[in-house]
Amino acid sequence: MVQILTEFNGTRHAVHEINSKSIVMQSNNFNLWYGSNHALKDINLNMQENEVTAIIGPSGCGKSTYIKALNRMVELVPIVRTAGEISYRGRNIFANGYEVEELRTKVGMVFQKPNPFPKSIYDNIAYGPRIHGIKNKKILDEIVEKSLRGAAIWDEVKDRLNENAYGLSGGQQQRICIARCLAIEPDVILMDEPTSALDPISTLKVEELVQEMKEQYSIVIVTHNMQQAARISDKTAFFLNGEVIEFDQTDTIFSTPSDQRTEDYISGRFG
Amino acid sequence: MIRERFEHDLIAVQQDLMEICDLSIDSLQTAFKAFVNKDIDLALQVIKTDLKINRLEETINDRVILLIAKQQPVATDLRRLIVVIKAATDMERIGDHAVNIAKETIRIGKEPFVSSIEPIEEMFHKSILMLRQIVEAFLEENTTKAKEIAQLDDEVDELTGNTISNLMKLTVSNEQVSQITSLSYVCRCIERSADHATNIAEHLFYLLKGKHYELNN
């Protein structure tokens with residue numbers, strides 16, 4: 001593996017790796033404004049296949065904005081303006097003619113608060129595939145089972161697939177949401193603080209699940225829990241005031257970070 | 001500045017480390033004074049003091065483990081705590097070497113030395129210099145001073161080798177063989193104390209640079 005350290009605006013900014021894994025998503029000088037507020041400044045990051053990339057930083061640093069830019073959810077805010085590019089498998093997702101539906105089929109998202117539909121467990125998972133035109137009951141059954149197994153919740157719900165998903169615990173609901181995301185066979189899964197509303201045991205289950213899922217998917221996770229980032233991610237990006245201060249192997253970030261601001265943040269000295 | 005409690009506890013545990021440094025170095029000096037003056041009472045005092053050093057090392061370990069468990073430090077903070085544990089262990093071992101010198105002093109008793117102990121005194125003074133210097137280097141986080149310690153360690157090693165070799169060449173009576181063994185062992189204890197000073201110098205490099213350094217080959 002070869003590492004090339006790059007300097008950007010005078011700050012050690014990103015580590016690009018050239019290795020056998022290919023880049024799934026890439027931002028090049030990506031900028032974002034909410035009206036006149038410059039929320040993301042020249043973001044250069046590479047997300048690699050079958051890796052977990054964690055994004056950490058204090059509140060308001062732009063990490064949630066960035067993850068929402070990766071599947072263009074940020075466009076739902078009318079005053080948003082962007083410059084630079086974010087590419088998925090080499091194609092700029094903000095380019096004219098790039099269908100947002102096509103992007104979100106490949107780049108799924110799991111949110112902070114579990115948000116199952118007020119439907120049965122089965123219908124929650126089958127919802128996406130049905131929208132994509134799958135009507136065959138046998139195929140849907142297979143997708144539901146595969147997705148629930150993939151989210152490590154099949155054994156807990158297989159005997160009550162027709163019950164309302166609202167009846168499940170918070171941790172189970174979150175794994176249902178992960179299963180719902182898996183049902184459309186995404187390539188990348190974005191997770192915005194997926195365990196912040198969960199108890200410690202459910203949190204550990206989701207963390208274990210993330211580790212298993214990276215065998216098949218590429219995962220980007222925003223987390224306030226630095227120990228979580230240290231436990232589950234391969235690479236970590238530290239955001240501060242809309243900039244990437246440091247992006248490196250997670251082992252390096254949590255042992256010998258290059259930038260004093262990173263060290264101060266992970267050591268709990270600000271934020 | 002947040003985490004004031006953690007900062008406070010971190011300072012407290014580092015003060016404990018400085019205390020074990022003082023106790024162990026004092027103990028080594030007292031043991032050597034007892035050896036030179038054949039002072040059995042002083043030697044017995046060294047053995048007694050060692051219990052205090054051992055207990056302090058356990059207290060430091062317990063405090064650090066609690067801090068790691070409760071505060072979950074990372075990066076430099078974590079290395080600092082690990083280095084405190086490692087340095088405290090080195091200092092506790094120096095206390096043990098002081099006890100060994102005290103025991104040999106009791107064993108030799110009032111018998112006259114079979115040869116001049118000047119080379120042993122020279123080794124001892126170099127070792128004490130190293131130990132005092134590593135405490136200073138630690139307080140100042142000064143890697144230049146830490147590097148100098150490794151050079152002194154080479155000199156102590158050479159002196160130890162020569163002194164033991166000269167002791168072995170002495171023609172002595174059967175009764176004096178036991179003292180030759182004791183003197184050689186005292187040399188070895190001083191040399192090992194100097195090694196612990198070098199270990200602590202390497203811990204200081206690890207703390208400040210985040211990498212392992214072998215200062216003395």
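Two residues are taken to be in contact if their C-beta atoms, placed from the backbone, lie within 7 Å. In the predicted model, for which local features need pLDDT of at least 70, side-chain atom pairs count only at pLDDT 80 or more, and totals for chains, interfaces and linings use all residues, 11 residues of chain A are in contact with 10 residues of chain B. The chain A side of this interface comprises four nonpolar, five polar and two charged residues (Ala, Val, Leu, Ile, Met, Phe, Trp, Tyr, Cys and Pro count as nonpolar, Asp, Glu, Lys and Arg as charged, and the others, Gly among them, as polar). Residues are numbered from 1 along each chain as its sequence is written, with chains lettered from A in the order in which they are written.

The largest nonpolar core (buried Ala, Val, Leu, Ile, Met, Phe, Trp, Tyr and Cys residues joined through C-beta atoms within 7 Å, buried denoting 20 or more other C-beta atoms within 10 Å of a residue's own) holds 71 residues, among which Ile55(A), Ala179(A), Ile189(A), Leu190(A), Ile219(A) and Val220(A) touch the most other members. Helix α6 (residues 170-182) of chain A contributes the largest share, six residues (helices being DSSP runs of H or I, at least four residues, numbered from the N terminus). A second, separate core of 55 residues includes Phe35(B), Leu67(B), Met91(B) and Val156(B).

In chain B, the axes (lines fitted to C-alpha atoms over the stretch in contact, with angles from 0 to 180 degrees between N-to-C directions) of helices α1 (residues 4-37) and α3 (residues 75-108) come within 8 Å and cross at roughly 15°. α1(B) and α3(B) are therefore roughly parallel to each other, a term covering angles under 35 degrees. Their contact involves 18 nonpolar, six polar and two charged residues.

How values were computed. Helices (H or I, at least four residues) and strands (E, at least two) are DSSP runs, numbered from the N terminus. Angles under 35 degrees count as roughly parallel, over 145 as roughly antiparallel, 65 to 115 as roughly perpendicular and the rest as oblique. A residue is buried if 20 or more other C-beta atoms lie within 10 Å of its own, exposed if 12 or fewer, and partly exposed in between; C-beta atoms are placed from the backbone.
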